[in-house]
Amino acid sequence: MNPSKELITALGLPPVSQIGVGVKDVDRAVEYYSSVFGLGPFTTYEFVPEKHWYMEQPSHLKLKMGKAMWGGLEWELIQPLEGESLHQEFLEKHGEGLQHLGINVPNYDEMFEKMKKAGFQPLMRAETYVGTDKGYLRACYFDTRRVGGIVLEIIWKSWLMAS
(Lines give C-alpha, C1' and ligand atoms only; values in the text may rest on other atoms or scores of the structure.)
Protein backbone atom coordinates (compact mmCIF):
# COMPACT_ATOMS: atom_id res chain seq x y z
CA MET A 1 0.00 0.00 0.00
CA ASN A 2 1.34 3.47 -0.79
CA PRO A 3 1.99 5.93 2.09
CA SER A 4 -0.94 8.25 1.28
CA LYS A 5 -3.43 5.38 1.21
CA GLU A 6 -1.99 4.11 4.50
CA LEU A 7 -2.47 7.57 6.04
CA ILE A 8 -6.05 7.85 4.76
CA THR A 9 -6.81 4.37 6.11
CA ALA A 10 -5.16 5.14 9.47
CA LEU A 11 -7.04 8.43 9.84
CA GLY A 12 -10.37 7.02 8.66
CA LEU A 13 -11.23 10.31 6.96
CA PRO A 14 -14.86 10.75 5.96
CA PRO A 15 -15.63 12.48 2.64
CA VAL A 16 -15.31 16.25 2.29
CA SER A 17 -18.51 17.98 3.43
CA GLN A 18 -17.50 21.64 3.23
CA ILE A 19 -15.56 24.01 0.96
CA GLY A 20 -14.30 27.10 2.79
CA VAL A 21 -13.57 30.29 0.87
CA GLY A 22 -11.83 33.32 2.35
CA VAL A 23 -13.46 36.59 1.25
CA LYS A 24 -13.04 40.29 2.00
CA ASP A 25 -16.80 41.02 1.91
CA VAL A 26 -19.35 38.25 2.54
CA ASP A 27 -22.29 40.28 1.22
CA ARG A 28 -20.50 40.96 -2.07
CA ALA A 29 -19.45 37.31 -2.33
CA VAL A 30 -23.01 36.08 -1.64
CA GLU A 31 -24.30 38.32 -4.43
CA TYR A 32 -21.60 37.04 -6.80
CA TYR A 33 -22.06 33.32 -6.11
CA SER A 34 -25.85 33.68 -6.17
CA SER A 35 -26.00 35.56 -9.48
CA VAL A 36 -23.15 33.84 -11.35
CA PHE A 37 -23.48 30.24 -10.11
CA GLY A 38 -27.06 30.20 -8.84
CA LEU A 39 -25.97 29.13 -5.35
CA GLY A 40 -28.28 29.71 -2.46
CA PRO A 41 -30.18 30.56 -0.58
CA PHE A 42 -27.36 31.75 1.66
CA THR A 43 -27.56 32.13 5.42
CA THR A 44 -25.32 34.93 6.69
CA TYR A 45 -24.41 35.63 10.30
CA GLU A 46 -21.67 36.76 12.64
CA PHE A 47 -19.75 33.98 14.35
CA VAL A 48 -18.16 34.66 17.75
CA PRO A 49 -17.22 31.35 19.37
CA GLU A 50 -17.29 30.97 23.14
CA LYS A 51 -13.83 29.36 23.00
CA HIS A 52 -11.19 30.05 20.34
CA TRP A 53 -7.51 29.21 19.99
CA TYR A 54 -5.16 30.54 17.32
CA MET A 55 -1.82 28.75 17.12
CA GLU A 56 -2.86 26.99 20.35
CA GLN A 57 -3.20 30.30 22.26
CA PRO A 58 -6.61 31.42 23.56
CA SER A 59 -7.86 34.42 21.59
CA HIS A 60 -10.91 36.40 20.53
CA LEU A 61 -12.49 35.81 17.11
CA LYS A 62 -15.32 37.39 15.17
CA LEU A 63 -16.15 36.31 11.62
CA LYS A 64 -18.92 37.08 9.18
CA MET A 65 -20.07 33.88 7.51
CA GLY A 66 -22.22 33.02 4.53
CA LYS A 67 -23.32 29.43 3.93
CA ALA A 68 -25.24 27.65 1.20
CA MET A 69 -25.47 24.08 -0.03
CA TRP A 70 -23.92 23.18 -3.38
CA GLY A 71 -25.20 19.69 -4.01
CA GLY A 72 -24.05 17.68 -1.00
CA LEU A 73 -21.34 20.19 -0.04
CA GLU A 74 -21.62 23.19 2.22
CA TRP A 75 -20.18 26.30 0.52
CA GLU A 76 -18.81 28.50 3.32
CA LEU A 77 -17.76 32.12 2.82
CA ILE A 78 -15.62 33.56 5.61
CA GLN A 79 -14.83 37.22 6.26
CA PRO A 80 -12.60 37.99 9.26
CA LEU A 81 -13.90 40.89 11.36
CA GLU A 82 -11.90 40.83 14.62
CA GLY A 83 -9.04 38.91 16.19
CA GLU A 84 -6.23 36.81 14.82
CA SER A 85 -7.31 34.01 12.57
CA LEU A 86 -6.17 31.63 9.91
CA HIS A 87 -8.66 33.35 7.60
CA GLN A 88 -7.05 36.79 8.06
CA GLU A 89 -3.61 35.28 7.49
CA PHE A 90 -4.87 33.61 4.29
CA LEU A 91 -6.39 36.82 2.89
CA GLU A 92 -3.20 38.79 3.63
CA LYS A 93 -0.93 36.20 1.96
CA HIS A 94 -3.11 34.96 -0.91
CA GLY A 95 -6.14 37.20 -1.35
CA GLU A 96 -9.59 35.72 -1.74
CA GLY A 97 -10.03 32.06 -2.62
CA LEU A 98 -10.31 28.44 -1.54
CA GLN A 99 -8.92 28.31 1.98
CA HIS A 100 -9.94 24.96 3.43
CA LEU A 101 -11.80 21.69 3.03
CA GLY A 102 -13.96 20.58 5.93
CA ILE A 103 -15.04 17.12 7.02
CA ASN A 104 -17.78 16.28 9.50
CA VAL A 105 -16.49 13.73 11.97
CA PRO A 106 -18.49 11.51 14.34
CA ASN A 107 -15.86 11.64 17.14
CA TYR A 108 -13.97 14.94 17.44
CA ASP A 109 -11.51 13.92 20.18
CA GLU A 110 -10.53 10.72 18.39
CA MET A 111 -9.96 12.47 15.03
CA PHE A 112 -8.12 15.36 16.72
CA GLU A 113 -5.65 12.91 18.27
CA LYS A 114 -5.28 10.91 15.01
CA MET A 115 -4.45 14.09 13.07
CA LYS A 116 -1.87 15.18 15.65
CA LYS A 117 -0.34 11.69 15.76
CA ALA A 118 -0.04 11.78 11.95
CA GLY A 119 2.05 14.96 12.31
CA PHE A 120 -0.52 17.64 11.45
CA GLN A 121 -0.40 20.69 13.69
CA PRO A 122 -3.59 22.41 14.92
CA LEU A 123 -3.70 25.97 13.57
CA MET A 124 -7.02 27.22 14.87
CA ARG A 125 -9.80 25.72 17.01
CA ALA A 126 -13.24 26.82 18.13
CA GLU A 127 -15.95 25.47 20.43
CA THR A 128 -19.35 27.04 20.92
CA TYR A 129 -23.07 26.56 21.25
CA VAL A 130 -24.84 27.32 17.95
CA GLY A 131 -28.27 28.94 17.89
CA THR A 132 -31.34 27.93 19.81
CA ASP A 133 -32.23 24.96 17.63
CA LYS A 134 -28.84 23.46 16.76
CA GLY A 135 -26.45 22.41 19.49
CA TYR A 136 -22.72 22.35 20.17
CA LEU A 137 -19.97 22.82 17.57
CA ARG A 138 -16.29 21.87 17.78
CA ALA A 139 -13.87 22.48 14.93
CA CYS A 140 -10.13 22.43 14.31
CA TYR A 141 -8.12 23.50 11.28
CA PHE A 142 -4.98 21.41 10.76
CA ASP A 143 -1.91 22.42 8.78
CA THR A 144 -2.10 20.22 5.69
CA ARG A 145 -0.75 22.98 3.40
CA ARG A 146 2.58 21.34 2.60
CA VAL A 147 1.39 20.36 -0.87
CA GLY A 148 -1.42 22.32 -2.52
CA GLY A 149 -1.74 24.98 0.16
CA ILE A 150 -5.14 23.80 1.48
CA VAL A 151 -5.99 23.38 5.15
CA LEU A 152 -8.17 20.51 6.43
CA GLU A 153 -10.83 21.27 9.04
CA ILE A 154 -12.44 18.62 11.21
CA ILE A 155 -15.94 19.57 12.33
CA TRP A 156 -18.17 17.99 14.97
CA LYS A 157 -21.79 19.15 15.16
CA SER A 158 -23.90 17.67 17.96
CA TRP A 159 -27.08 18.04 15.88
CA LEU A 160 -25.66 15.75 13.17
CA MET A 161 -24.95 13.09 15.77
CA ALA A 162 -28.56 13.13 17.01
CA SER A 163 -29.97 11.94 13.67
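Here are legends for a few close-up views of this predicted model.

**View 1. The largest nonpolar core.** Start here: this core is made up of 14 residues, and F47, L63, L86, M124 and Y141 have the most contacts inside it. Strand 5 (62-70), strand 8 (122-130), strand 9 (135-142) and strand 10 (151-157) each give it two or more residues. Strand 8 chips in with the largest share, three residues. As a general rule, nonpolar side chains in soluble globular proteins tend to be buried together.

**View 2. Who sits around M124?** Which residues does M124 touch, once its neighbours within four places in sequence are left aside? The contacts are H52, W53, Y54, L61, S85, L86, H87, A139, C140 and Y141.

**View 3. A second core.** There's another, separate core to look at, with 13 residues. V105, M115, F120 and C140 are among them.

**View 4. Strand 8 and its partners.** Is strand 8 mostly covered or mostly open? Mostly covered: seven of its nine residues are buried. Strand 3 (residues 51-54) runs antiparallel to strand 8, and four bridges join the pair. Here you can spot H52 standing opposite A126 of strand 8. Strand 9 is also antiparallel to strand 8, this time with eight bridges between them. Look for Y129, whose bridge partner in strand 9 is Y136.

**View 5. Helix 3 and what comes after.** Helix 3 covers residues 86-94, and its buried residues include L86, H87, E89, F90 and L91. L86 also turns up in the largest core, as one of the residues with the most contacts there. Just after the helix comes G95, which has a positive phi, near 80 degrees.

Technical notes:
Residues are numbered from 1 along each chain as its sequence is written. This is a predicted model: local features need pLDDT of at least 70, side-chain atom pairs count only at pLDDT 80 or more; totals for chains, interfaces and linings use all residues. Side-chain values use heavy atoms; hydrogens and water are left out. A nonpolar core is a set of buried Ala, Val, Leu, Ile, Met, Phe, Trp, Tyr and Cys residues joined through side-chain atoms within 4.5 Å. Buried means under 20% relative accessible area, exposed over 50%, partly exposed in between (1.4 Å probe, protein chains only). Contact means heavy atoms within 4.5 Å. Two strands pair if DSSP finds at least two bridges between them.
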